Amino acid sequence: ERIRELRDHSEIRIEKFRNTMRSKREDRQDKIYLKEKKHLLPLSTRELYLGGLFLYWGEGLKATRSTLSLSNTNPRMILFYFMWLKKALGVPKKDISIRLHLYSDMDIDKETNYWSKLLKVPLTKFLKPYIKLTTLSGLTYKGFGHGTCNVMVNDTNLTEKVLLGIKAVSETTPGLL
């Protein structure tokens, strides 16, 4: 009984088991990642356009007819959207504006510089940030590490193209099933 107690509750054994399982999971995920990357990439121009259209359908602002705008905390999602605007829609970098939504206890300059460097956009393209009076440290959900980045383009024709593209896909999707 004592041997079982020592064996079953051994911190070393438990940690070794955790490390083994972590290693197996990482190996499995690496194989899946490489397989998916090979299968999915590179994206064709059409696939890129559709991917951005679906992203905008789910996350983009649809309340205005003159502005394409997407807000998110995920830097990779913002990078994809930014790239989609430039490559799939042909929006010149100079026509893209950025507004950050930050918390009062965040270093505003540090976060602005973070997004500026990530997107390779000069600070002059950043609008005055919205500063929320609550504190980041008071949040229970910690997914807001660098605040929320809102990437915008003011172009009525482009907005109509995207929204009507979404409408075309949404109206024909039931027929595809």
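**Figure 1. Accessible surface and overall make-up of the protein chain.** The accessible surface of the protein chain comes to about 12,600 Å². Carbon and sulfur atoms account for 57% of that surface. The model is predicted. The protein chain has 177 residues, and 25% of them are buried. Six helices and four strands are present. Along the sequence, these elements follow the pattern α-α-α-β-α-β-α-β-β-α. Among contacts with a separation of 6 or more, 77% join residues 24 or more positions apart.

**Figure 2. Helix 3 against helix 4.** Helix 3 spans residues 45-59, and helix 4 spans residues 75-87. Their axes come within 10 Å. The crossing angle is roughly 125°. An angle over 115 and up to 145 degrees falls outside the parallel, antiparallel and perpendicular classes, so helix 3 and helix 4 are oblique to each other. The crossing of helix 3 with helix 4 is left-handed. Helix 3 contributes Leu 48, Tyr 49, Gly 51, Gly 52, Leu 53, Leu 55, Tyr 56 and Glu 59 to the contact. Helix 4 answers with Met 77, Phe 80, Tyr 81, Met 83, Trp 84 and Lys 87. The residues of this contact divide into 10 nonpolar, two polar and two charged.

**Figure 3. Helix 4 against helix 5.** Helix 5 covers residues 108-119. The axes of helix 4 and helix 5 come within 10 Å and cross at roughly 45°. Angles from 35 to under 65 degrees count as oblique, and helix 4 and helix 5 are therefore oblique to each other. Their crossing is right-handed. On the helix 4 side, the residues in contact are Pro 75, Ile 78, Leu 79 and Phe 82. On the helix 5 side, they are Tyr 114, Trp 115, Leu 118 and Leu 119. The contact of helix 4 with helix 5 holds eight nonpolar residues, no polar and no charged.

**Figure 4. Surroundings of Thr 112 in helix 5.** Thr 112 is found in helix 5. Its relative accessibility is 14%. Buried means under 20%, so Thr 112 counts as buried. Beyond its neighbours within four places in sequence, Thr 112 is in contact with Leu 100, Leu 123 and Phe 126.

**Figure 5. Lys 128 in the loop before strand 3.** Lys 128 lies in the loop between helix 5 and strand 3. Strand 3 is made of residues 130-132. The relative accessible area of Lys 128 is 70%. The exposed class starts over 50%, so Lys 128 is exposed. Ile 98 is 30 residues away from Lys 128 in sequence. In space, the C-alpha atoms of Lys 128 and Ile 98 are 8.9 Å apart.

**Figure 6. Thr 148 in strand 4.** Strand 4 runs over residues 148-154, and Thr 148 belongs to this strand. With a relative accessible area of 17%, Thr 148 is buried, because the limit for buried is under 20%. Residues up to four places away in sequence are not counted in the contacts of Thr 148. Those contacts include Ser 71, Asn 72 and Thr 73. Thr 148 also touches Arg 99, Leu 100 and His 101. Leu 100 is likewise one of the contacts of Thr 112.

Note on methods:
Residues are numbered from 1 along each chain as its sequence is written. This is a predicted model: local features need pLDDT of at least 70, side-chain atom pairs count only at pLDDT 80 or more; totals for chains, interfaces and linings use all residues. Side-chain values use heavy atoms; hydrogens and water are left out. Helices (H or I, at least four residues) and strands (E, at least two) are DSSP runs, numbered from the N terminus. Buried means under 20% relative accessible area, exposed over 50%, partly exposed in between (1.4 Å probe, protein chains only). Contact means heavy atoms within 4.5 Å. Accessible areas come from the Shrake-Rupley method with a 1.4 Å probe; for residues, only the protein chains shown count as cover. Axes are lines fitted to C-alpha atoms, for helices over the stretch in contact, and angles run from 0 to 180 degrees between N-to-C directions. A crossing is left-handed if the near helix is turned anticlockwise from the far one by less than a right angle, and right-handed if clockwise. Ala, Val, Leu, Ile, Met, Phe, Trp, Tyr, Cys and Pro count as nonpolar, Asp, Glu, Lys and Arg as charged, and the others, Gly among them, as polar.
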